[in-house]
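Trainee: I've got this model open and I'd like a close look at its interior. Could you pick a place to start and work through it with me?

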Amino acid sequence: MYTVQKKFKFDYAHRLHLMPRGHKCWNLHGHSGVVEISISIPDATFDSNTSGFVVDFGDLQFIKDWIDENWDHGTLVSANDRRLFAIIESLNTKHFVFGVDYNQTSSENMAHVLFRKIEQQIQKGLQLQTISVTMSMTIAIYETENNKDIFSGIIRDVSEVNVK
C-alpha cells in the first residue's frame with residue numbers, strides 16, 4: 001500500500017449545541033485546527049514508471065482552497081442550532097452551515113463533510129498519477145494537537161479518472 005499525506009491548518013469557531021448547557025463546548029468557541037489527508041492505493045495499481053508518485057501534492061491544493069473559502073476564520077453552525085444560526089445570519093459574517101443531517105459541528109462531522117467534498121472532486125477527475133480501481137482516503141481533523149477525529153472510506157471506480 002502506498003500512502004501520501006498532506007496537512008492544512010485553519011481557524012474556526014463553533015459550538016456543540018446538543019451538549020448540556022454547563023458543558024464548555026456548548027459555548028461558542030474557537031480552534032486552530034489541522035486537517036490531515038491520507039490517500040492510499042494498493043501496490044498492484046501503482047506504476048512507478050510514470051511519474052513515480054501517487055498524487056502530485058500540488059493537485060491537492062483544491063482541498064486547502066475549499067477549507068479557506070468555507071471554514072477558515074468562519075463559524076461552523078448546524079442548521080439544527082436555530083439560535084446560533086439566526087445570530088450568525090443576522091451578523092452577515094463568514095459561516096458554513098452543516099445540513100440537517102449533521103446535528104453537531106463536531107470534528108467527526110467535519111471529517112465526514114470534507115471526505116465527501118474530496119470524494120466528489122476525485123470522481124470529477126482529480127489528476128492522479130496512477131490508474132486505480134479503488135483507493136482509500138482518511139481525513140483526520142485535529143481539534144487540538146492532542147485530539148483528533150478520523151473518518152476513513154473507500155472511493156470506488158476511480159479508474160475513469162484522467163491520468164497525467
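Mentor: Sure. One term first: contact means heavy atoms within 4.5 Å. Also keep in mind that this is a predicted model.

Let's start with Ser-107, which sits in helix H3. Its relative accessibility is 3%, so Ser-107 counts as buried, since the cut-off for buried is under 20%. Leaving aside neighbours within four places in sequence, Ser-107 is in contact with Ile-141, Glu-143 and Asp-149.

Glu-143 leads us on to His-14, because His-14 has Glu-143 among its contacts too, together with Asn-27, Leu-28, His-29, His-31, Leu-76 and Thr-105, again leaving aside neighbours within four places in sequence. His-14 lies in strand E1 and is buried, at a relative accessible area of 0%. There's a long-range relation here as well: His-14 and Gln-104 are 90 residues apart along the chain, while their C-alpha atoms are separated by 9.2 Å.

Now zoom out a little. The protein chain has three helices and six strands, and from the N terminus on they run β-β-α-β-α-β-α-β-β. Of its 164 residues, 46% count as buried. As for how the chain meets itself, take the contacts between residues at least 6 apart in sequence: 67% of them join residues at least 24 apart. On the outside, the accessible surface comes to about 8900 Å², with 49% of that belonging to carbon and sulfur atoms.

Helix H3 brings us to the largest nonpolar core. That core has 31 residues, and those touching the most other members are Ile-37, Ile-67, Trp-71, Leu-114, Met-137 and Ile-139. At least two residues each come from E1, strand E2 (29-41), H1, strand E4 (95-98), helix H3 (107-125) and strand E5 (134-142). H3 gives the most, with seven residues. Leu-114 shows how these parts meet: beyond its neighbours within four places in sequence, Leu-114 is in contact with Val-35, Ile-37, Ile-63, Trp-66, Ile-67, Trp-71 and Ile-139.

Some of those names belong to H1, where Ile-63, Lys-64, Trp-66, Ile-67 and Asn-70 are buried. Looking down the H1 axis, you'd find the buried residues within an arc of 160°, so they line one face of the helix. That spacing fits a general rule: an α-helix has 3.6 residues a turn, so residues three or four places apart point the same way.

Next, the rings. The structure holds nine aromatic pairs. In one of them, Phe-10 and Trp-71 have ring centres 5.8 Å apart and planes at 35°, so this pair is tilted. Phe-10 is in strand E1 (residues 2-14), whereas Trp-71 is in the loop between helix H1 (61-70) and strand E3 (74-78), so the pair ties together parts 61 residues apart in sequence. Phe-10 is buried, with a relative accessible area of 1%, and Trp-71 is buried with 0%. Trp-71 also pairs with Trp-66: their centres are 5.1 Å apart and their planes at 75°, so that pair is edge-to-face. Trp-66 has a relative accessible area of 18% and is buried, given the cut-off of under 20%. Put together, ring pairs link Phe-10, Tyr-12, Trp-66, Trp-71, Phe-96, Phe-98 and Tyr-102 into a cluster.

Rings also meet charges. The charged end of Arg-15 sits over the ring of Trp-26, 4.6 Å from its centre. Likewise, the charged end of Lys-7 sits over the ring of Tyr-142, at 5.7 Å from the centre.

Both partners of that second case turn up again around Glu-36, a residue of strand E2. Setting aside neighbours within four places in sequence, Glu-36 is in contact with Gln-5, Lys-6, Lys-7, Thr-138, Ile-139, Ala-140 and Tyr-142. Glu-36 is buried, at a relative accessible area of 12%. Ile-139, on that contact list, is also one of the core residues that touch the most other members, which takes us back to the core.

Terms used
Residues are numbered from 1 along each chain as its sequence is written. This is a predicted model: local features need pLDDT of at least 70, side-chain atom pairs count only at pLDDT 80 or more; totals for chains, interfaces and linings use all residues. Side-chain values use heavy atoms; hydrogens and water are left out. Rings of Phe, Tyr and Trp (its six-membered ring) pair if their centres lie within 6.5 Å; planes under 30 degrees apart count as stacked, over 60 as edge-to-face and the rest as tilted. Helices (H or I, at least four residues) and strands (E, at least two) are DSSP runs, numbered from the N terminus. Buried means under 20% relative accessible area, exposed over 50%, partly exposed in between (1.4 Å probe, protein chains only). A charge sits over a ring if NZ of Lys or CZ of Arg is within 6 Å of the ring centre and within 35 degrees of the ring normal. A nonpolar core is a set of buried Ala, Val, Leu, Ile, Met, Phe, Trp, Tyr and Cys residues joined through side-chain atoms within 4.5 Å. The arc is that of the directions from the helix axis to the C-beta atoms. Accessible areas come from the Shrake-Rupley method with a 1.4 Å probe; for residues, only the protein chains shown count as cover.
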